[in-house]
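Okay, hi everyone. Take a look at the screen while I bring up the structure for today.

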Amino acid sequence: MADKVERLKTLIIGSGPAGYTAAIYAARADLKPVVYTGMEPGGQLTTTTEVDNFPGYPEGVDGPSMMIDLQKQAERFGTDVRMGMATAVEFSDEVGGIHKVTIDNDKVIEAETVIISTGATAKYLGIPSEQKLRGGGVSACAVCDGFFYKGQDVAIVGAGDTAAEEASYLANICSKVTMLVRKDHMRASKAMQHRVNSLKNIEIRYNTEVDEVLGDLVVEGLRMVNNLTGEKEEIAITGLFVAIGHKPNTDIFKGQLEMDDTGYLITKGKSTKTSKPGVFASGDVQDKEYRQAVTAAGTGCMAALDAERYLATIESPEEVSTQ
Ligand SMILES: Cc1cc2nc3c(=O)[nH]c(=O)nc-3n(C[C@H](O)[C@H](O)[C@H](O)COP(=O)(O)OP(=O)(O)OC[C@H]3O[C@@H](n4cnc5c(N)ncnc54)[C@H](O)[C@@H]3O)c2cc1C
């Protein structure tokens, strides 16, 4: 049972690009932030070997090294980075109210402001050959990794708007894109379907699923299976993109914060404000549109600035309202 309580100005939940960027800004504003890393210290980028599109790394960088750099930068200004999962929350409805966050079902943190940066988790098919080759040609992010397969043959799994969008993106870079659709139709909007159908180098295979991803260390091919006839077929590819959706890590916020129908936190206007005063959200947990490290970092910055301004209005309401 929770019996240890600690009071903070700013608690940051999550240690991806959003959480660490929020920490850099919050620490420099003297909010003395504490970051709880969760089960994946460094976040999603720790699962990828090459990040070529984050500004400031002209030669590219591997994901884990980049996240260590971000952590060091946050710590340089005094951020307290701790291992631990937020397991329950009780957010106040009052402006200036104290929010309670339980860590590892044990310790309770009381915080004047909370920045939620818990990210989203890409869904995978879950078959062993796919899991073995994650980072070796299997990716859940075409915008991030498509460039590495320039001029090559790839495949993509999925049938929704994101899959259609990513297939079109890949078609601009790769020689051929084979798109595997489990049903006999796509879920994507008519406009997106039209776009995919109009691209000559996308071949759509309906009623088709992945039987096995072929290759030992890197992807060399794909064995597909027709789920109506059971017929199997192998094709040579170097990259497999899984575009079957993401799950935002928001289970513990259910009933506490407003979310959309897919579980993403809703933020107000151009800010990072959630439905509770003093609670802010940044990164993929509130963004199903862009899902990039740089956009996550950008909203992490915004969340820290929003938290700082919120605290300032509570501490000196008149001063701030006349600014
Ligand atoms: C394979 C792959 C390759 C990618 N490559 C690129 C790329 O090249 N360039 C690019 O810009 N983007 C890339 N991305 C996307 C990028 O990783 C994400 O957009 C970015 O990491 C989102 O940052 P975030 O801080 O919002 O969340 P995340 O990175 O998802 O971090 C979430 C953090 O929250 C923590 N957490 C979750 N729940 C809790 C909890 N209850 N308590 C405490 N902590 C919790 C996790 O442990 C983690 O530290 C890639 C993604 C993948 C999957």
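I'll talk about one helix and then about the nonpolar cores.

Quick housekeeping: this is a predicted model, so local features need pLDDT of at least 70 and side-chain atom pairs count only at pLDDT 80 or more, while totals for chains, interfaces and linings use all residues. Residues are numbered from 1 along each chain as its sequence is written, and side-chain values use heavy atoms, with hydrogens and water left out.

So, helix α1: residues 17–28, 12 of them, reaching 17 Å from first C-alpha to last, close to the 16 Å expected at 1.5 Å a residue. Helices here are DSSP runs of H or I, at least four residues, and strands are runs of E, at least two, numbered from the N terminus. The expected span is 1.5 Å times one less than the number of residues.

Is α1 mostly covered or mostly open? Mostly covered: 10 of its 12 residues are buried, meaning under 20% relative accessible area with a 1.4 Å probe, protein chains only. Tyr-20 and Ile-24 are among them. The cover includes β1 (4–13), α2 (63–76) and α7 (293–315). After α1 comes Asp-30, with a positive phi near 65 degrees.

Now the cores. A nonpolar core is a set of buried Ala, Val, Leu, Ile, Met, Phe, Trp, Tyr and Cys residues joined through side-chain atoms within 4.5 Å. The largest has 26 residues, and Tyr-20, Met-66 and Ile-115 have the most contacts inside it. α1, α2 and α7 each give two or more residues, with the largest share, 7 residues, from α7. A second, separate core has 23 residues, including Ala-163 and Ile-202.

How values were computed: Buried < 20%, exposed > 50% of the residue type's maximum accessible area, 1.4 Å probe, protein only. Contact = heavy atoms within 4.5 Å.
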